[in-house]
Amino acid sequence: MTAPIIITAEMGKADQAWANGLRRAHYPADRNMVDAHITLFHHLPPGHIAEVKARLAALAAECPTPKARLSDLMNLGGGVAYRVESPELLSIRDALAEAFRGLLIPQDQARPRLHITVQNKVEPAIAKALYETLSSNFQPRSLSIYGLAAYYYRGGPWEQIGRWAFRG
């Protein structure tokens, strides 16, 4: 395999359906090739797939489900995202970053701003209008995190490698 590996945090079913609905409604249809997601790592080398799978499985099995919340909206300039606050999920991500040290691209070496993108690749005025609309009735709320997942990125829809549920 030559396709890079992406690692995400998976949402619970109800939150996944909610985020996918927003993404279908607001993401340009010709660019919306994947479900809504929370990216933890953008590009791990495919030659390390066995290690990636083993580490994700072990970490998910030993970690309780992290608490998370949607804290506010982010105007991305050309899109809109919901900010995800979760010190517990960031700790899990930090453990993975330490385990994958030496394999991370510069983008993945920095601690991420966890988020769920519901619109991207649009004109700034369109993004600003959606940001204002969604902000007008936004209330911070809890977000269900189910587990971890890995995918191959091939330039289009992602190919799922596996999903690992947190122990509960």
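These legends go with close-up views of a predicted model.

**View 1. Helices α2 and α3 pack against each other.**
Here we look at α2, which covers residues 49-62, and α3, which covers residues 87-99. Their axes sit 11 Å apart and make an angle of about 150°. Angles over 145 degrees count as roughly antiparallel, so that is the label for α2 relative to α3. As for handedness, the two helices cross in a right-handed way.

**View 2. A closer look at the residues where α2 meets α3.**
From α2, the contact takes in Glu-51, Arg-55, Leu-56 and Leu-59. Across from them, α3 brings Ile-92, Ala-95, Leu-96 and Ala-99. Sort these residues by class and you get six nonpolar and two charged ones, with no polar residue in the contact.

**View 3. Tyr-82 and Phe-138 make a tilted aromatic pair.**
How many aromatic pairs does a search of the whole structure find? There are four. In the pair shown here, the ring centres of Tyr-82 and Phe-138 are 5.8 Å apart. Their planes meet at 45°, so the pair counts as tilted. Tyr-82 belongs to strand β4 (residues 80-85), while Phe-138 is in the loop between α5 (124-136) and β6 (141-143). The pair therefore ties together parts of the chain that are 56 residues apart in sequence. Are these two residues buried or exposed? Tyr-82 and Phe-138 are both buried. Widen the view a little and Trp-18 joins in: together with Tyr-82 and Phe-138, Trp-18 forms one aromatic cluster.

**View 4. Tyr-151 pairs with Trp-158.**
This is another tilted aromatic pair, with 5.3 Å from centre to centre and 50° between the planes of Tyr-151 and Trp-158. Tyr-151 has a relative accessibility of 12%. Buried means under 20%, so Tyr-151 counts as buried.

**View 5. Gln-160 and what surrounds it in strand β8.**
Strand β8 spans residues 159-165, and Gln-160 is one of its residues. Its relative accessible area is 45%, which makes Gln-160 partly exposed. Which residues does Gln-160 touch, leaving aside its neighbours within four places in sequence? Those contacts are Ala-150 and Tyr-151, and Tyr-151 is the buried residue at 12% relative accessibility from the previous view. Ile-6 is worth finding here too: Gln-160 and Ile-6 are 154 residues apart along the chain, yet their C-alpha atoms are separated by 9.5 Å.

How values were computed: Residues numbered from 1 in each chain as written. Predicted model: local features only at pLDDT ≥ 70, side-chain atom pairs only at ≥ 80, totals over all residues. Heavy atoms only, no water. Axes fitted to C-alpha atoms, helices over the stretch in contact; angles between N-to-C directions. Helix = DSSP H or I, 4+ residues; strand = E, 2+ residues; numbered from the N terminus. Parallel < 35°, antiparallel > 145°, perpendicular 65-115°, else oblique. Left-handed = near helix turned anticlockwise from the far one by under 90°. Contact = heavy atoms within 4.5 Å. Nonpolar A, V, L, I, M, F, W, Y, C, P; charged D, E, K, R; others polar. Phe/Tyr/Trp six-rings, centres within 6.5 Å; stacked < 30°, edge-to-face > 60°. Buried < 20%, exposed > 50% of the residue type's maximum accessible area, 1.4 Å probe, protein only.
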